[in-house]
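Here is a short walk through a protein model, written for someone who likes to keep the structure open while reading. Let's follow the strands, then look at the pocket and the core.

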Amino acid sequence: MDWSHYRFRSVWNLPAPPAAVYAVLAAPDDYPRWWPQVREAARIDERRGRVRVRSVLPYDLRVTVTARREDPHAHVLEVGLGGDIEGWARWTVAADGAHSTRAVYEQEVDVRRPLLRRLAVPARPFFRVNHALMMRAGRRALAARLAGT
């Protein structure tokens, strides 16, 4: 087993139509405005950007994000990830009832940052909890944004 390899899946049920959810998720420059753990997001060019994230644990991840798929009809967003982590992430947004949406976030990455690789075995449970807390906060913040609060 490669202790520096992670697969994550989060499901967010949101009280808004899929087009509204997709529109917010498709604007990564705005993530720091609503998602507290996304500390910075800046475009490099039309398809790439840099992001800095930090959850509960005292470290920042710096990631270069490259758009792979943006499909507003299928409501799918997929990016390649490089830097402190390498791999991919994908949002799939679908209706879940008349006025709600199910947003599925999937991510598969390898940790590249040397310190985090050295801590891969003893800290793995903490890294997973850190990610879960970040995703929980993101779901709450997106729901609030969609509600206009």
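Six bridges hold β3 to β4, and the two strands run antiparallel. Strands count as paired if DSSP finds at least two bridges between them. Strands (E, at least two residues) and helices (H or I, at least four) are DSSP runs numbered from the N terminus. Within the β3 and β4 pair, V51 sits opposite V63 of β4.

Before going further, please keep in mind that this is a predicted model, in which local features need pLDDT of at least 70 and side-chain atom pairs count only at pLDDT 80 or more, while totals for chains, interfaces and linings use all residues. Residues are numbered from 1 along each chain as its sequence is written, and side-chain values use heavy atoms, with hydrogens and water left out.

**Strand pairs**

The table sets out the antiparallel pairs with their bridges and one facing pair of residues each.

| Strands | Bridges | Residues paired |
|---|---|---|
| β2 and β3 | five bridges | A42 and R50 |
| β3 and β4 | six bridges | V51 and V63 |
| β4 and β5 | eight bridges | E70 and L77 |
| β5 and β6 | six bridges | V76 and T92 |

The turns are worth a look too. A hairpin of four residues links β2 to β3, and E46 lies in the loop between these two strands. Is E46 buried or exposed? E46 is exposed, because its relative accessible area is 77%, and exposed means over 50%, buried under 20% and partly exposed in between (1.4 Å probe, protein chains only). E46 and A98 are 52 residues apart in sequence, and their C-alpha atoms lie 34 Å apart in space.

The hairpin of β4 and β5 also has four residues between its strands, and there H75 takes a positive phi near 60 degrees. Between β5 and β6 the hairpin has one residue. As for β5 itself, the strand is mostly covered, with six of its eight residues buried.

**The largest pocket**

How much space lies in the largest pocket? About 960 Å³, where the volume is the space filled by probe spheres set on grid points that are joined across faces, edges and corners. A pocket here is an open set of points on a 1 Å grid over the protein atoms alone, where a 1.4 Å probe fits, with protein on both sides within 12 Å along at least five of seven lines; lining residues have an atom within 4 Å of a point.

The lining has 45 residues, and those closest to the pocket centre are V51, V65, L81, Y105 and Q107. Elements giving two or more residues include β1 (5-14), β7 (101-111) and α4 (120-147), while β4 gives the most, with six residues. By type, the lining divides into 30 nonpolar, five polar and 10 charged residues. Nonpolar covers Ala, Val, Leu, Ile, Met, Phe, Trp, Tyr, Cys and Pro, charged covers Asp, Glu, Lys and Arg, and the others, Gly among them, are polar.

**The nonpolar core**

A nonpolar core is a set of buried Ala, Val, Leu, Ile, Met, Phe, Trp, Tyr and Cys residues joined through side-chain atoms within 4.5 Å. The largest one has 36 residues, and W12, V21, L25, W34, W35, W91 and L142 touch the most other members. Which element gives the most to this core? That is α4, with seven residues.

Finally, consider W35. Leaving aside neighbours within four places in sequence, W35 is in contact (heavy atoms within 4.5 Å) with W12, W91, M134, M135, A137, G138 and A141.
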